[in-house]
Every structure is written in structure tokens, then in C-alpha cells.
Amino acid sequence: MLLDIRNADAWVNQNKIFNGLNLQIEQGEKIAVLGPNGAGKSTLLKLITREIYPVVKENSYIRLYGSETINLWELRKKIGLLSQDLQADYTPYCTGLDVVLSGFFGSVGQHGHLQATDEQRTQALQTMKQLGIIQAESIMYQRLSTGQQRRLLLARALIHQPEALIFDEPSSGLDPGAAFALLKQMRNFCRPDHSLILVTHHLDEIIPEVQRVVLIKQGKIVADGDKARILTSTNISLLYDIPVIVSEQDNWYRIRPA
Ligand SMILES: Nc1ncnc2c1ncn2[C@@H]1O[C@H](COP(=O)(O)OP(=O)(O)OP(=O)(O)O)[C@@H](O)[C@H]1O
């Protein structure tokens, strides 16, 4: 099992975000997580990436790959992460190529004494070409646009061939061409043994490979199950407290005002 959260409480500063949270995700599952602003989606991802720890109490745990104490570096090898927070926290003083190479080391920015091999550099440059960001090879991160930074972080998330992708609003700041390239990368990644956890506000970036949808509101999972069963106009209207119409075509979903 990729993730097993049992009866977890979690606080962010003075705010209790989760109270007895339960969520299980099998290896190979592709899931989307939806919910209004402030619902707790990013906090959930931080519990998975160990940026936040749950309250220690009886009969409560978070297991990743079957372990409550998985080594952080092991975890980073297995996971490709892309989020707003990572983008904001990323150290400004490194080149585009360094950003992508840092994915091999699970580091943010400098990778200390670890030197990238020629093979890793070739691979990084190849991925940058595929994502249309090769021109940023020698440019400092801080001098790039939001969308360019995001493309680099996408390349960073994929470069070490992780088993699972954890993406928090990945298309934010991307132009349509880059957003479509992102969807293509996600689809290519979705082999049967690979897992995807996609937090999004955009139904149209829930790729057909996603089979399960989890709805979160005010720190509670209010619906969880098969995509077609969960992504209905009624459920999404209730989730966001506005009347919407959800439509589906060829396993792609769209939302519009009712
Ligand atoms: N640094 C912080 N200090 C205190 N409370 C915080 C902090 N960061 C987030 N929160 C609170 O935690 C709750 C959950 O936030 P979280 O970022 O997980 O929501 P989200 O569902 O990802 O929202 P969004 O769609 O806006 O990204 C919110 O109510 C927010 O006020």
C-alpha cells in the first residue's frame, strides 16, 4: 500500500486541520483530490511528504509504503513532487539545469557534495527539451517566469523516474501549450504500477487514467470513490457551495455554471 492514514489529527500552527482522518491509497492507484480553498488538500499532501507530522495518539498512524518511519531520502526517491510551496521555496540561486538535476538527489537547489554524472546531465537536458524549457539551462531560477519555473519543477519531479507523482495544482501558471504538455507527461507516467495523487481545482486536468476521486471539505473527506460516481453535478455543487453542471466526454470532465 502506498499510503495508509488511520485516525490522524493534524495541526498547522494553531489550526486543527484534520480530526481522525482516514485514507488508504494502494500502489498503482491514480487519484484526484478536489475541494474548496482552505479545505486541507495541501495539508494532506504535506502529511504524505512529511512536511507535517500527525499528532501522536493511540490507534493513529500514517504509513507510507507500509512503514511509519520511512527514511525521508528513500521517500523522495520514490516520489516526484510538484507544488506551489516548492516553487515558492525553491532557492533562487541555481540554474535551470541545476533545478532539474536536483530531482536526482531529492534536494532543493544545491545538491551538496553529490555530483551529477554525465548520464544524469544528458537525461536532464533531454527532459528539458521535451518540456520546452531547454533555453533555461544556464539561466538563474529567479530570472525565469512563473510558468518557466514550473516547467523546470515538472522536469525535476519526473527526472528520477519516481514510482509516484504528488502534484498540487500542477498547471497553475502554465500557458495552454505547457498545460497540455503537462497532461501528456502525466498520462505517459501512468503505467499500471505507478501512482498519482493529483490535487486540482480544474476538472479538465483530471486525466482519463485517474480512476478515483476524493472530495475534501473543511478537513473532512466528504466523498471518495469511482470517478464517474463522484464527479456529478450534485456532488461538485455541494462541494463548492455553488450550482454547477459537470459534463463528461471521452472520460474527460468539464465544469460550468448551472
Ligand atoms: N501557515 C499556516 N498557519 C496557519 N494556518 C494555516 C497555514 N497554512 C494553512 N493553514 C490553514 O490550514 C487550512 C488548510 O489549508 P490548505 O492549504 O491545506 O488548504 P487547501 O485545500 O490546499 O486550499 P487551497 O485550495 O486554497 O490551496 C486552511 O484553513 C488554512 O487557513
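Helices here are DSSP runs of H or I at least four residues long, strands are E runs of at least two, and both are numbered from the N terminus. Everything in these close-ups comes from a predicted model.

**Figure 1. The whole chain, before zooming in.** The fold brings together nine helices and eleven strands. With 258 residues, the globule rule gives 18 Å and the chain's radius of gyration is 18 Å, so the chain is as compact as a globular protein of that length. Along the principal axes, the C-alpha atoms fill a box of roughly 50 × 45 × 35 Å.

**Figure 2. Polar contacts to the ligand.** Three protein groups reach oxygen atoms of the ligand in this view, starting with a polar side-chain atom of Ser 42 at 2.7 Å. Gly 38 joins in through its backbone, where a polar atom sits 2.8 Å from a ligand oxygen. His 201 uses its side chain instead, with an N or O atom 2.9 Å from an oxygen of the ligand. As for cover, the ligand on its own would expose 630 Å², and the protein buries 62% of that.

**Figure 3. The shell around the ligand.** Zoom out a touch and there are 14 residues around the ligand, with Asn 13, Gly 38, Lys 41, Ser 42 and Thr 43 coming nearest. Two elements, strand 2 (15-25) and helix 1 (41-48), each hand over at least two shell residues. Helix 1 takes the largest share, at three residues. Sorted by class, the shell holds eight polar, four nonpolar and two charged residues.

**Figure 4. The largest pocket.** This pocket offers about 380 Å³ of space. Its lining runs to 20 residues, and those nearest the centre are Glu 51, Arg 76, Leu 81, Leu 86 and Arg 156. Helix 2 (72-78), strand 5 (79-82), helix 3 (84-89) and helix 6 (146-159) are the elements that give two or more residues to this lining. The chemistry is a mix of seven nonpolar, seven polar and six charged residues.

**Figure 5. The second largest pocket.** Here the volume is about 320 Å³. Helix 5 (118-130), helix 6 and helix 7 (176-189) each put at least two residues into the lining, and helix 6 is also one of the contributors to the largest pocket. Among the lining residues are Gln 123, Thr 127 and Gln 130, along with Leu 158, Ile 159, Gln 161 and Pro 162. Gln 185, Asn 188, Phe 189, Arg 191 and His 194 line the pocket as well. By class, the lining splits into seven polar, four nonpolar and one charged residue.

**Figure 6. The enclosed cavity.** The chain has one cavity of 30 Å³ or more. About 70 Å³ of space lies in this cavity. Its walls are made by Ser 42, Leu 45, Lys 46, Thr 49, Glu 51, Leu 81, Ser 83, Asp 85 and Asp 168. Helix 1 gives the largest share, three residues. Four of the lining residues are charged, three are polar and two are nonpolar. A couple of residues tie this view to earlier ones: Ser 42 lines the cavity and also has a side-chain atom 2.7 Å from a ligand oxygen. Glu 51 and Leu 81 line the cavity too, and both are listed among the residues nearest the centre of the largest pocket.

Conventions:
Residues numbered from 1 in each chain as written. Predicted model: local features only at pLDDT ≥ 70, side-chain atom pairs only at ≥ 80, totals over all residues. Heavy atoms only, no water. Near = heavy atom within 4 Å. Polar contact = N/O pair within 3.5 Å; in protein donor to acceptor, adjacent residues only side chain to side chain. Areas by Shrake-Rupley, 256 points an atom, 1.4 Å probe, with all protein chains shown as cover. Nonpolar A, V, L, I, M, F, W, Y, C, P; charged D, E, K, R; others polar. 1 Å grid on protein atoms, 1.4 Å probe; cavity = no way out; pocket = protein on both sides within 12 Å on 5 of 7 lines; lining within 4 Å. Points joined across faces, edges and corners; volume = space filled by probe spheres on them. Rg over C-alpha atoms; globule rule 2.2 N^0.38 Å.
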